[in-house]
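Let's take a walk through this model together, starting where a ligand meets the protein and ending with a pair of helices.

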Amino acid sequence: MSHKKKEKDNQEKRIFNFSKVLYKDIIAPSCVKEIAPGDISVNGQADSYWVEIGDISGAAKYCRSYYANITGNATYAGMLNSLYTIDFGETDCDVALHFSPADTSKVVWQLEREIARLEADYAEEANSARRQTLLKNIHELQRRHSALTSHNEKLFFGSIQVTVTAQDQNEMKQFCNLLARRLRTKNVILKAADMRQLDAFINATPLGDNIPRDAYQDLESSNIADMFPFGTGGLRHQTGAILGHDPQGNIIFYNCWHPMHENYNIVIFGRSGSGKSYLVKLLSARSVLINIMTVVIDPEREYENLMVGLGCPYISLSPDSKDTLNIFDVDLVDEDGILRADIEDAIRAVQAVVFRMIRVYDESILTGQVKVMILEKIKETYEHFGITEDPQSLYESPTNTDIIHVSGIKKKMPQLSDLVELMRMEPVLEDVSRILATFTKEGGTPSYAVFDCQSTVDDIWEYPMIAFSVADLDEDIMRPIGLFIATRWVWNKLSRDRRKRKRIVVDEAQTMMDTPETAKWLEDSFRRSRKRNISMCACTQGFEVFLRVDEGIGILKNATTKMLLKQEAIDIAAVREKFSLSDGEAEFLLTAPKGWGIVKANEDASVFFGEATEREHQMFTSDPNELVLLAERREGRGK
Ligand SMILES: Nc1ncnc2c1ncn2[C@@H]1O[C@H](COP(=O)(O)OP(=O)(O)O)[C@@H](O)[C@H]1O
Ligand SMILES: [Mg+2]
């Protein structure tokens with residue numbers, strides 16, 4: 001033995017033996033040692049093979065490695081996922097995959113010879129059962145041959161190594177047995193790397209390049225794709241509501257209030273029928289369990305079933321309903337312990353509604369001068385009713401002078417007809433007041449006058465879910481106005497209690513984007529929501545339409561979570577650009593089945609399917625055929 005080699009051996013011995021603490025021990029263990037049956041291990045005589053990683057006090061970890069063999073090349077997507085995510089207390093397992101390209105032409109030639117041999121056997125075989133088996137084998141080889149020659153598949157040599165690491169010998173053995181049993185059911189056979197455990201251990205680190213030949217097997221590119229841990233990156237929220245699962249079957253937890261999120265807002269984009277409302281229902285119903293309250297503004301009477309199912313209020317805003325909202329309501333805001341009547345916000349909201357109402361008939365009438373005068377008249381209306389920033393000005397007879405606890409009989413608030421009355425006295429506003437009058441009781445169209453009233457909705461805020469329907473209002477004119485009024489009304493009521501987590505859902509939000517004032521309000525609400533502990537959620541179809549206005553872009557910027565469902569072909573280019581989607585993701589969104597989508601929150605993203613239980617589905621679905629069936633089933637039971 002040469003002098004040099006001896007010195008190297010000694011050096012190796014020093015590395016692999018217990019020694020006193022050196023600075024290297026801070027970054028590397030003092031001892032990595034292979035144990036064989038009969039060797040003296042820390043706990044006495046060993047009965048099988050493993051590797052011990054030690055520190056100065058003895059062995060700290062036990063590792064046992066296996067090479068996995070897939071029988072019959074039968075792989076399927078995500079087949080090794082359980083290995084990547086397996087959890088067994090302190091025990092863990094690491095997977096090392098090594099692939100190297102094989103010489104395809106050589107394999108093609110071997111396949112041709114094998115096929116020719118089997119065909120000859122087939123021609124001579126008399127037994128029909130054996131002929132069938134031969135034929136099956138020939139077909140399989142022909143399939144592989146054609147996949148390789150047409151370059152649909154490439155050939156690789158691959159090895160799969162699994163290394164189990166535990167802090168306790170018994171735990172390691174138990175875990176190894178469990179793993180071997182579990183994988184056998186998936187056509188994966190584990191062979192222990194006995195007598196070469198140390199080599200195997202090093203192979204699982206970036207230092208190893210010494211894979212034994214018998215650990216390799218032929219694999220086609222699709223086999224390798226099946227083993228890859230796609231999708232396990234996903235959304236990494238530890239807690240939250242269950243959103244569904246990813247294509248590998250991993251459950252996705254989603255938490256709006258995740259500490260890494262700058263805001264709690266959500267936007268959901270998808271073409272009509274892609275499952276936006278269904279997803280909202282799923283998320284809202286499950287959020288109840290984690291103490292998040294949801295209020296939905298429903299433009300299509302889609303949420304009634306769910307609310308009835310949950311025993312929560314479904315408030316319909318229509319001429320026949322006893323539930324009414326007044327756009328002039330002023331709410332109290334808590335600013336560092338001091339309550340203030342937010343009259344400024346109320347004025348802005350009334351202005352937005354009034355402008356929108358006028359625009360329905362004659363946009364040109366809204367000149368700069370008219371706008372300013374309308375604003376003055378709104379302020380005057382409040383003054384007339386004695387309403388100021390002082391919270392007590394909202395009450396008839398203040399009984400308590402303590403500003404924090406305002407009580408008493410609520411004052412009658414101004415209504416739209418009061419504003420119209422004042423405007424009439426101003427000659428310049430004559431035409432405008434005539435238009436606005438159609439939205440008051442005197443206008444003679446009850447469905448247009450639903451918001452010229454005092455609010456009657458109260459005492460609902462303890463429910464975990466509430467829905468307001470504007471579906472009974474006429475689609476073109478009153479529904480978009482109602483959507484805005486209800487959303488803003490709810491927003492103000494919910495702003496008060498900042499400790500409570502709550503979500504406001506605006507379905508079909510694109511209808512708020514076609515007038516500047518309502519679009520502006522929605523954008524502002526997305527910006528201001530975090531301080532009020534509100535999660536705003538806007539669902540919309542027509543991505544391009546939504547983003548055509550600056551406010552749409554503002555909303556997108558102020559929503560940490562984006563959920564994308566199936567997209568229209570005309571929108572896909574814009575969606576792709578805005579969310580930096582890959583080719584694959586864009587293609588997926590064009591063809592996504594109902595309920596499938598992509599969720600993005602900060603850096604995390606995952607493909608998901610919002611899967612409901614059967615009971616949930618009965619409450620969530622709005623498919624008319626299913627609803628008829630469900631109603632029939634209920635009636636049958638009733639008889
Ligand atoms: N995740 C899902 N699982 C099962 N069915 C779904 C799912 N998403 C949508 N659907 C079906 O598709 C219908 C339309 O979905 P919906 O949410 O109303 O679409 P959108 O609001 O996007 O127009 C639902 O009523 C339901 O029957
Ligand atoms: Mg919908």
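An oxygen atom of ligand 1 sits 3.3 Å from a polar backbone atom of Ser274, a polar contact in the sense of a pair of N or O atoms within 3.5 Å. Lys276 also offers a polar backbone atom, 2.9 Å from an oxygen atom of ligand 1, and a backbone N or O atom of Ser622 lies 2.7 Å from an oxygen atom of the ligand. On its own, ligand 1 has 550 Å² of accessible area, and the protein covers 87% of that (Shrake-Rupley method, 1.4 Å probe).

This is a predicted model, where local features need pLDDT of at least 70 and side-chain atom pairs pLDDT 80 or more, while totals for chains, interfaces and linings use all residues. Residues are numbered from 1 along each chain as its sequence is written, chains are lettered from A and ligands numbered from 1 in the order written, and side-chain values use heavy atoms, with hydrogens and water left out.

Now look around the ligand: 18 residues surround ligand 1, and Gly273, Ser277, Gly610, Thr621 and Ser622 come nearest (a residue counts if one of its heavy atoms lies within 4 Å). This shell holds 2 nonpolar, 10 polar and 6 charged residues, where nonpolar means Ala, Val, Leu, Ile, Met, Phe, Trp, Tyr, Cys and Pro, charged means Asp, Glu, Lys and Arg, and polar means the others, Gly among them. Helix H9 (residues 276-287) gives the most to the shell, with 3 residues; helices here are DSSP runs of H or I with at least four residues, numbered from the N terminus.

Finally, find helix H13 (residues 416-424) and helix H14 (residues 430-437), whose axes come within 9 Å and cross at roughly 160° (axes are lines fitted to C-alpha atoms over the stretch in contact, with angles from 0 to 180 degrees between N-to-C directions). H13 is therefore roughly antiparallel to H14, a label for angles over 145 degrees.

Methods: Polar contact = N/O pair within 3.5 Å; in protein donor to acceptor, adjacent residues only side chain to side chain. Helix = DSSP H or I, 4+ residues; strand = E, 2+ residues; numbered from the N terminus. Parallel < 35°, antiparallel > 145°, perpendicular 65-115°, else oblique.
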